[in-house]
Amino acid sequence: MKASAFSYARATSVANALELLAAHGDRAKVLSGGQSLMPAMNLRLISPELIVDIGEIAELRGIAVTGEVMRIGALARHVDLLESSLIAAHAPLLAQAIKHVAHPAIRNRGTLGGSLAHADPAAELPACMVALDAIMVVRDQAGERKVSAADFFTGIYETVLSPRELLVAVEFPVAKSKSAFFL
């Protein structure tokens, strides 16, 4: 099957993406890596009128540790997590789990934010965020709010994100001890 017809807009900044989302509401969907969105569209599980591509917004990238907090931008790709020395040193659970996300083609394109925003229960990353006591950093035109991972996921493929909000980053405490990921 193929996706229904849709319009496309490439956001130039977070502010621009939020303007587009505010203007189109639940008729728009955000495209980051596309590894979750595109299959859902092709199966016609969702049929947005507008795709807002955030893939080139530099401020949504990056992995950093400040004090006792790790912050990962929503556009960090799975492969970025896999190759990051900061993730290996400060988030061993995530370092172990990311190896089991799909296959190399998905890891090269898929993003942390996309995986979390789609809340696929079969994915490793939502469960890791809950285990890490992560905080989801969410923004709309009115400002930013922070939501615990435990409260962010509300059901299968469901989160607290409104159609006018964008997941911009994830923050969690750096690991104080080793942790493990088991299949």
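**Exercise 1.** In this predicted model, determine which residue of S3 stands opposite Lys29, and then establish how strand S2 is joined to S3.

*Solution.* Begin with the pair itself: the residue of S3 that stands opposite Lys29 is Ile51. Next, widen the view to the two strands, where strand S2 (residues 28-31) runs parallel to S3 and four bridges join them. Finally, follow the chain from S2 through H2 to S3, which gives a β-α-β crossover that is right-handed.

**Exercise 2.** Identify the strand residue that Ser7 faces in S3, and decide whether the faces of S3 are covered or left open.

*Solution.* Ser7 stands opposite Leu50 in S3, and strand S1 (residues 7-10) pairs with S3 in the parallel sense over four bridges. For the faces, recall that in a regular strand the side chains alternate between the two faces of the sheet. In S3, Leu50 and Val52 lie on one side and Ile51 and Asp53 on the other, and since these four are all buried, both faces are covered.

**Exercise 3.** Locate Ser47 relative to the helices and strands, and classify Ser47 as buried, partly exposed or exposed.

*Solution.* Ser47 belongs to the loop between helix H2 (37-42) and strand S3 (50-53). The relative accessibility of Ser47 is 44%, and because partly exposed covers the range between 20% and 50%, Ser47 counts as partly exposed. Its side chain makes a polar contact with the side chain of Ser4 at 3.4 Å.

**Exercise 4.** Work out whether His78 is buried or exposed, and list residues distant in sequence with which His78 is in contact.

*Solution.* His78 lies in helix H3 (residues 78-83). With a relative accessibility of 4%, His78 counts as buried, because the cut-off for that class is under 20%. Once neighbours within four places in sequence are left aside, the contacts of His78 include Ile98, Val101, Ile106, Arg107, Leu112 and Leu125.

**Exercise 5.** Describe the order of the five-stranded sheet, and explain why S4 and S7 each have one side without a neighbour in the sheet.

*Solution.* The sheet is open, its pairing is antiparallel, and its strands follow the order S4-S5-S10-S6-S7. Strand S4 (63-66) and strand S7 (143-148) stand at the edges with a single partner strand each, so one side of each has no neighbour in the sheet. From one strand to the next, the twist averages 25 degrees. Within this sheet, strand S5 (residues 69-73) pairs with strand S10 (residues 166-173) in the antiparallel sense over five bridges, and the bridge partner of Val69 in S10 is Pro173. Helix H1 (residues 14-24) packs on the sheet, where H1 touches strand S6 (135-140) and S10, and the direction of H1 makes about 125 degrees with that of S10.

Notes. Residues are numbered from 1 along each chain as its sequence is written. This is a predicted model: local features need pLDDT of at least 70, side-chain atom pairs count only at pLDDT 80 or more; totals for chains, interfaces and linings use all residues. Side-chain values use heavy atoms; hydrogens and water are left out. Buried means under 20% relative accessible area, exposed over 50%, partly exposed in between (1.4 Å probe, protein chains only). A polar contact is a pair of N or O atoms within 3.5 Å; within protein, one must be able to donate a hydrogen and the other to accept it, and residues adjacent in sequence count only if both atoms are side-chain atoms. Two strands pair if DSSP finds at least two bridges between them. A crossover is right-handed if, with the strands pointing away from the viewer, the path from the first strand over the helix to the second runs clockwise. Contact means heavy atoms within 4.5 Å. Axes are lines fitted to C-alpha atoms, for helices over the stretch in contact, and angles run from 0 to 180 degrees between N-to-C directions.
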